[in-house]
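Got the structure open in your viewer? Follow along, and at each stop select what the text names.

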Amino acid sequence: MQVRSTVLTALLVIGFAATAQAPASLKGAYQGDFVIGAAINAAQITGEDARGDATLKAQFNSISPENCLKWESVHPQPDRYDFTIPDLYVAFGEKNHMFIVGHNLVWHNQVPAWVFRDDKGSLLDRDALLARMRDHIHTVVGRYKGRIQSWDVVNEALNEDGTLRQSLWEKIIGDDYIAKAFQYAHEADPQAQLTYNDYNLENEAKRKGAIALVTKLKAEGVPITSVGLQGHDSLTWPTVDQMDAAISDFAKLDVKVAISELDIDVLPPAARQQTADVTLNIQQNAALNPYVNGLPDSVQQQLAKRYADLFGVFLKHRDVVTRVTFWGVTDGDSWRNDWPVRGRTSYPLLFDRAGQPKAAFDAVIRAAGQPAS
Ligand code: G3I
């Protein structure tokens, strides 16, 4: 009898120890489900934000470059590339054994005006712009071949109704600029995962456009491997059912899904419709910026539940979802503080302005292992 109780006690102690060792990190909690990423900014890449770096190393096993690999940053002039920060970015990811994402190659924003024009200022023709796109992609992707594992190849090519955005890429090259971008990226690094990345794909009209686009690309043998649902969400949009339907729809196309830029805005909506179009800029007013002195606990709890509900859906689809990336480390880092209204105090992420975990962090840790039904 004595032996049995000793064994039971030992098992209880081991069990307790195991529970006590429960992962206190996001990456540990979701180990085996999907990687947990964060967009990192120049201050974190260069080490200036030591506190942010410590959080990144402790909590995340994937990184995305918030700005440093965008065309305006890495290729500011026709004959000049600047890889200073991108080299540090990739080195940070490698040193910390992270899944490294490249963001992004072809976008209508943060791309210099010269890209679309010749040295006399006239718009390029199709062949000249394709050659410029190919040079950029081969140079940038080629430099990090085998080191950046996944690229956001084309970003936000669709309008809200699902039609193709009439960017200069589309107007000058035509619809196949998207396929060409994926082709060039695959040429430069055949092993890299290649993503089409967009926002609001949880809305049916835009999702139908994305489904048609991905279906066409796959039918043409274009090497697209995943779709990025950016996830610039609010407390109420998208619903759990909308997120579930969106992931399910893309899973049917034999592509993986990355939740590529997750944040949840708790501030009053300033735009008439849900959007993440960075060109929006709405004038500040007090009613749009109610939490200057801190976030009420009631809203902290709403945010916590919202994140837990969304992670339940991601877990339900963990066979398809490969990555969940937060678009920033702490609330103070977030683009949401300045968009669509400059100078607001937003609270969209899991760590507060002091770098401390919020109730939402605890909720996401607790949600691990609990997929939505
Ligand atoms: O680098 C300049 C700096 O030299 C200058 O002093 C400063 C003054 O305004 O601006 C700096 O550039 C800013 C840049 O971020 C780097 O910090 C731009 O003004 C600012 O507009 C830009 O914002 C970025 C935004 O994309 C612009 O498109 C955000 O940080 C970034 O989080 C956001 O990320 C996008 C994704 O790439 C695509 N999906 C939507 C997402 C949110 O908009």
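**Stop one: a strand residue**

Select I36 and show its neighbours: leaving aside residues up to four places away in sequence, I36 touches L26, K27, Y30, F60, N61, S62, F311, V324 and F326, where contact means heavy atoms within 4.5 Å. I36 sits in strand β1, residues 35-40. Helices and strands here are DSSP runs, numbered from the N terminus: H or I with at least four residues for a helix, E with at least two for a strand. The relative accessible area of I36 is 0%, so I36 is buried; buried means under 20% relative accessible area, exposed over 50%, and partly exposed in between, with a 1.4 Å probe and protein chains only. Now put a distance between the C-alpha atoms of I36 and I63: you should get 8.4 Å, for two residues 27 apart along the chain.

Before moving on, a word on what you're looking at. This is a predicted model, in which local features need pLDDT of at least 70 and side-chain atom pairs count only at pLDDT 80 or more, while totals for chains, interfaces and linings use all residues. Residues are numbered from 1 along each chain as its sequence is written, and side-chain values use heavy atoms, with hydrogens and water left out.

**Zoom out: the whole chain**

Colour by secondary structure and you'll find 13 helices and nine strands in the protein chain. Its C-alpha trace spans about 90 × 50 × 40 Å along the principal axes. How does the radius of gyration compare with that of a compact globule? The chain has 22 Å, which agrees with the value near 21 Å for a compact globule of 373 residues; the radius is taken over C-alpha atoms, and the globule rule is 2.2 Å times the number of residues to the power 0.38.

Buried residues account for 53% of the 373. Of the contacts between residues at least 6 apart in sequence, 79% join residues at least 24 apart. Switch on the surface: the accessible area is about 16,000 Å², and carbon and sulfur atoms own 53% of it (Shrake-Rupley method, 1.4 Å probe; for residues, only the protein chains shown count as cover).

**Stop two: Q44**

Select Q44, in helix α3 (residues 42-45). Q44 has 1% relative accessibility, so it counts as buried. Which side chain makes a polar contact with that of Q44? The side chain of D49 does, at 3.0 Å. A polar contact is a pair of N or O atoms within 3.5 Å; within protein, one must be able to donate a hydrogen and the other to accept it, and residues adjacent in sequence count only if both atoms are side-chain atoms. Beyond four places in sequence, residues touched by Q44 include A39, L56, F92, V329 and D333.

**Stop three: helix α13**

Pick residues 359-367, which form α13; A360, F361, A363, V364, I365 and A367 are buried there. Show α2 (26-29), α4 (50-59) and α12 (297-316) as well, since they are among what covers those buried residues. After α13 comes G369, with a positive phi near 80°.

**Stop four: two cis peptide bonds**

Go to W237 and P238, joined by a cis peptide bond with omega about -10°. P238 lies in the loop between β7 (232-234) and α11 (240-251). Another cis peptide bond joins W339 and P340, with omega about -5°. P340 is in the loop between β9 (321-326) and α13.

**Stop five: positive phi in loops**

Select E156, which is not a glycine yet has a positive phi of about 55°. You'll find E156 in the loop between β4 (150-155) and α8 (168-173), and it counts as buried at 4% relative accessibility. Then take N200, another residue other than glycine with a positive phi, near 65°. N200 belongs to the loop between β5 (193-198) and α10 (204-219) and is buried, at 3% relative accessibility.

**Last stop: out at the surface**

Is K208, in helix α10, buried or exposed? K208 is exposed, with a relative accessible area of 53%. Its C-alpha is 8.6 Å from that of D161, 47 residues away in sequence. Finish at P269, in the loop between β8 (256-265) and α12. P269 is exposed too, at 71% relative accessible area, and its C-alpha lies 10.0 Å from that of V341, 72 residues away along the chain.
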